[in-house]
Amino acid sequence: MTAHAHGVSTLESPAGQMALVDLIDRLLGGGVVLAGDIVISLAGVDLVQIRLHALIASVRADMAGVITP
Amino acid sequence: MSDTGRYLYAIGRGMDDTDLSSVPAIDDGRLELVRHRGLDAVVSTVSLDEFGEEGLKQNLENLDWLENVARRHDDVVHAVASTGAVAPLRLATICLDDDGVRARLDEWYFALEQVLDRVQGRMEWSVKAFSAPVAERGPDLSSLSDGGGVGAAYLQRRRLATEERQHAESAAVACAEEVYEQLATASVASRRLRPQDPRLSGHEGTMILNAAFLVDVDETAGFQAMVQRLQSLYAGMELVATGPWPPYSFAMLEQR
């Protein structure tokens, strides 16, 4: 099953590579959490995620502006 | 305090030193194995200017930096997955040295063994369901009563539109629930993730389901067939299945 193009290029993986948003969701929200020696607080990570989503959103908006006629 | 640390990508079992020799590490470092009690932690050396607390705080907000690190991390996790069971670590897990890595393997030994057993021979699939945007329909004048005047007609129209939208939404949610339940029966484990914003998903419809499924590698065809069946059953929504991925969503440690 493939994602359909609607003018905005989709971040769904064409050749097995995960979409960045899926990857980030999993790398920050999943995986094994071991407290390393460098500790970022969970609250901090949540904030990072929110800021990140805003960032990706703005990047996507930029891309859309470039790609769509 | 040293100015370098060890970045932990993933933990595997029974790996060879040569398994990862062709896989690039973050910052063009070299991947190494820290072996302890049968567990293999995949690490590389990183600068603490970049991966220390202060550096991380700033870098995590830099999308280019983040994407680069995330992709490298993911490539390594994929490579480890190709050798056998893999427990991916959360992004940016840093220990100061290999003793620190071994201490973590000791502390979490049983939980890590449990995770590796759980994901052995299994991969993660993502299934998202999108409902088409509910069209703003024009007023259905035939159902409007006379004599209410323009204001009343407007309010009634609004009420009808709202009811229609709510009905469509709850129907879509029920369908998404059914899709999730059905796919859960075709998988070993399942998890719901937060639906993504349309600006992030790059998809016009509303994401009504963002789910992850842990699927036996041998059952992949059956799982995909189930997705196809559900897609034809629920023509009103679009299902997007992607995978197979390393089991990121199923590598959480159980509380001891």
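Select strands 5 to 8 of chain B in this predicted model. They form an open sheet of four strands with the order 6-7-5-8 and antiparallel pairing. At the edges lie strand 6 (189–192) and strand 8 (237–245) of chain B, each of which pairs on one side only. From one strand to the next, the twist averages 20 degrees.

Next, restrict the selection to residues 122–131 and 206–216 of chain B, which are strand 5 and strand 7. These two strands run antiparallel and are joined by 10 bridges. Within this pair, centre the view on B:S126, which stands opposite B:A212 of strand 7.

Now add residues 149–185 of chain B, helix 6. Helix 6 lies across strand 5, strand 6, strand 7 and strand 8 of chain B, and runs at about 5 degrees to strand 7.

Move to the other sheet of chain B described here, an open one of four strands in the order 2-3-1-4, again with antiparallel pairing. Its edge strands are strand 2 (32–36) and strand 4 (87–95) of chain B, each pairing on one side only. Neighbouring strands in this sheet are turned against each other by 30 degrees on average, direction ignored.

Select residues 4–13 and 39–47 of chain B to display strand 1 and strand 3. Nine bridges join these antiparallel strands. Here B:G5 stands opposite B:V46 of strand 3.

Finally, select residues 63–81 of chain B, helix 3, which packs on this sheet. Helix 3 touches strand 1, strand 3 and strand 4 of chain B, and its direction makes about 35 degrees with that of strand 1.

Key:
Residues are numbered from 1 along each chain as its sequence is written. Chains are lettered from A and ligands numbered from 1 in the order in which they are written. This is a predicted model: local features need pLDDT of at least 70, side-chain atom pairs count only at pLDDT 80 or more; totals for chains, interfaces and linings use all residues. Two strands pair if DSSP finds at least two bridges between them. Axes are lines fitted to C-alpha atoms, for helices over the stretch in contact, and angles run from 0 to 180 degrees between N-to-C directions. Two residues are in contact if their C-beta atoms, placed from the backbone, lie within 7 Å.
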